[in-house]
Structure formats: C-alpha cells, structure tokens
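Q: Please take a close look at one part of this protein: the open sheet and what packs on it. I am new to this structure, so a little of the surroundings would help too.

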Amino acid sequence: MTDGLILVIDLGTQSIRGTAVDRRGNIVFTTSRPVATDREGPRCEQDPAAWERSLNSILEEAGALKCLGGRIQGMVATGTLSGLVCLDSEGRVLRPAIMYGDQRSRPQAERIRAMDVFQDANTRNGWRVHSGDFLPQLLWVAEQEPEVYARSTTVLDCTGYLNLLLTGKRTMDEFTRFNCYSSPRAAELPVELFAALDLDTGRLGMLREAGARIGALRSEVARRTGLPECPVFTCSYDSICGYLGAGLSAEGDALDISGTVTSFGVLHGEQVIDPASRVFSLPWASAESWLVRGSTAMSGGVLEWARREVVGGDFSRFNEMVEAAGPGAGGVVFLPFLAGERAPLWNENATGTFLGITPNTSRADMARAVYE
C-alpha cells in the first residue's frame with residue numbers, strides 16, 4: 001500500500017503526542033495530551049497510569065478518523081531517557097515512573113563510577129555514569145525501596161512500557177542497553193556489573209535492535225480503538241530517534257536537537273574515548289561509524305522556568321524584555337544548571353547561578369542572560 005501510514009507515539013517531558021506520517025515523511029495527523037511531572041527537590045516522577053490513559057485517548061482519536069485508521073500499517077513508540085517503570089507479576093505499576101531528571105540516585109551513580117568493573121568498562125568504552133541513566137535508578141529502587149524491587153518482576157524504561165501497552169511484550173532497545181553501560185560490541189547486558197551490584201537482569205525486557213518488529217498491536221486495543229492489528233516496531237528514546245530520523249550517514253554529519261534538553265551529536269569514523277568523559281560514542285550503522293554526542297540536563301526547560309519565575313508572563317513578554325536589555329545582558333551571566341548538568345560537566349550537584357548582578361541589574365538583564 002503506497003499510501004500507508006506509520007503512527008508514532010512520542011512521550012516527552014510535557015506531553016504525549018501521536019503523529020501519523022506517510023512514506024515520504026509528511027505529517028498527515030497529529031494530536032497531543034499534556035503530561036504532568038511531579039517534581040520536588042531531587043525527585044522527578046510521572047504517573048504511568050496517566051500515560052496509559054493518554055495513549056488510549058490518542059489511539060481512539062486516530063481510530064475514529066476513517067480516512068486514517070485503514071491506512072495505518074505500523075506503529076512505533078518513543079519516550080524520554082529512562083523513565084523507569086516497575087511492574088508486578090500481574091502487570092500492575094508499583095510506583096511512579098522515575099524520570100531522567102530525578103537526582104535521588106546520585107549516591108548510586110557515584111558508587112558505580114568507583115567500581116573496578118565499571119572502571120574497566122570506562123577505559124574501554126568511554127562510558128560515564130549519571131543519575132538520569134537507567135542502571136543507577138534501578139539500583140536506587142533496589143536499595144531504597146527493597147519491597148518494591150522484590151515485587152518487581154518487570155522493570156522497563158518508558159519506551160519499553162509504551163511498547164508493553166501496545167503489544168503485551170517486554171522489551172529493551174539496544175541504546176537503552178548502553179545506559180546500563182554495556183559494551184558497544186556486545187549484544188547483551190553487562191552481566192558482571194549487574195552481578196556486582198546484586199541486580200537481576202531477568203527483570204528487564206528482551207533486547208531488540210532499533211527497527212526490529214516487536215509484535216502486533218494487541219487485539220483488545222485494536223478492537224477498542226478501531227485501529228488495525230498492525231506491526232509495532234522498536235526504536236529508542238527520543239534523542240536517538242532524532243538522530244536516526246535525521247539520516248546521518250557521512251562523517252561530519254551533525255545534529256542539534258533542542259527541546260526540554262539539548263542533545264548534540266557528530267558522526268565520526270572511529271570511536272572517540274574522552275579521558276575526561278565529557279562526551280561519549282555510540283556505535284552507528286552496525287559500528288561502521290560512531291555517533292559522538294552529549295546532552296545537557298536542561299535547555300528549553302530553563303527557558304520555561306525563566307518565563308514563569310523571572311519574566312512572570314508569556315514568551316512574547318519574554319522576548320520584549322530580552323530586546324530591551326540588549327546584547328551582553330548588562331554584564332549578567334547565567335549558568336543554566338537547574339537540574340545538575342550532563343555533558344560536558346556530568347555533575348548532578350551543579351546548580352544554576354546568576355553572576356554579575358549589581359544594583360543596576362533589571363529583570364530584563366536577567367531574562368537576556370538566560371537567552372544568551
């Protein structure tokens with residue numbers, strides 16, 4: 001069917017979106033539902049039950065469009081980095097999802113970083129450890145909520161959980177495996193590291209390469225929504241999807257992805273291992289090339305915070321204040337580390353700071369400093 005469509009489900013920090021695209025990449029349909037984040041101190045969580053309700057609503061909306069439902073030939077889901085979800089043997093969610101901005105696993109990240117078995121992997125692979133990664137968060141649950149971990153027969157990232165809702169099958173994509181510090185050349189999880197941490201790899205999903213067929217849309221979901229029992233394919237978390245979708249193919253090809261966070265990557269012919277672990281490399285196109293990359297902890301999220309707390313208005317007012325201040329922001333410099341920092345600092349303890357404030361500093365100067 002030349003006019004077939006792919007329905008993409010995209011769970012972000014602030015919304016979950018459904019978008020149908022044709023084979024030429026044209027958007028035929030799009031809709032979204034807001035997503036609430038529960039943030040207090042180092043805690044950053046979302047409710048998987050709300051994800052499920054929004055997902056069902058999006059699928060029902062798509063299925064109700066007669067011009068759309070019959071054309072959908074496949075589905076793919078993507079979420080944010082991590083978004084750890086714990087489920088019991090009946091598939092019930094045991095606790096809120098731990099999002100990538102959650103910093104409670106900083107002690108676990110520091111301990112992993114200091115382990116000999118990780119140091120060996122770091123030397124060979126250039127990995128770094130961050131509290132937003134899947135493995136430190138899993139270790140945090142095991143140590144701080146042992147009763148939850150004991151009842152968790154399945155632990156998935158949020159992309160894996162969306163795929164479970166769609167297909168009933170437990171999966172982990174190859175790129176999320178790297179957030180467990182697996183070797184880029186290996187096809188399995190780092191069993192030795194998991195054993196040293198007393199963690200069970202059997203609770204995680206089956207490993208799937210990006211683009212692999214997971215299964216078909218569950219019959220009950222298809223009946224309820226009016227969508228076909230089409231195949232569902234695995235992908236990965238959102239920034240990886242951006243790199244895959246951009247079609248990076250030649251050495252030097254680069255992509256900047258800016259949303260709540262910013263990710264930047266460059267395609268290179270060889271693996272780059274930075275002794276300072278500021279950036280890292282992921283195998284690309286079956287390791288024929290490497291994606292050298294890093295992501296910030298917040299970028300668009302900083303703008304949203306400043307709009308609310310510094311500007312006290314909408315983004316049109318924000319822009320007016322920025323224009324009024326002029327270049328240089330009156331000498332004010334803003335360090336945007338509101339949620340720690342990932343590349344190039346990899347410091348969960350970093351905090352945001354305004355520098356250069358004087359009695360003459362205005363809110364417009366501060367707004368301009370955030371933009372700059």
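A: Here is the sheet, followed by a helix, the whole chain and some backbone details.

The model is predicted: local features need pLDDT of at least 70, side-chain atom pairs count only at pLDDT 80 or more, and totals for chains, interfaces and linings use all residues. Residues are numbered from 1 along each chain as its sequence is written, and side-chain values use heavy atoms, with hydrogens and water left out.

Start with the sheet. Six strands form it, in the order S3-S2-S1-S6-S13-S12. The sheet is open, and its pairing is mixed. Strands here are DSSP runs of E with at least two residues; helices are runs of H or I with at least four, and both are numbered from the N terminus. Two strands pair if DSSP finds at least two bridges between them. The edges are S3 (27-34) and S12 (213-216), each pairing on one side only. Neighbouring strands are turned by 20° against each other on average, direction ignored. Axes are lines fitted to C-alpha atoms, for helices over the stretch in contact; angles run from 0 to 180 degrees between N-to-C directions.

Look closer at one pair. Strand S2 (residues 15-22) runs antiparallel to S3, and seven bridges join them. In one of these places, isoleucine 16 has arginine 33 of S3 as its bridge partner.

Helix H7 (residues 158-167) packs on this sheet. Helix H7 touches S1 (5-11), S2, S6 (72-78), S12 and S13 (231-233). Contact means heavy atoms within 4.5 Å. The direction of H7 makes about 145° with that of S6.

Now a helix with a buried face. In H3 (residues 106-114), Gln108, Ala109 and Ile112 are buried. Buried means under 20% relative accessible area, exposed over 50%, and partly exposed in between (1.4 Å probe, protein chains only). The cover over the buried residues of H3 includes H4 (116-125) and H5 (134-144).

Step back to the whole. The protein has 14 helices and 19 strands. Of its 372 residues, 53% count as buried.

Two loop residues have a positive phi without being glycine. Aspartate 198 has phi near 60°. Its loop lies between H9 (191-196) and S11 (206-208). Aspartate 198 counts as exposed, at 66% relative accessibility. Alanine 329 has phi near 55°. Its loop runs between H13 (315-325) and S18. Alanine 329 is buried, with a relative accessible area of 0%.
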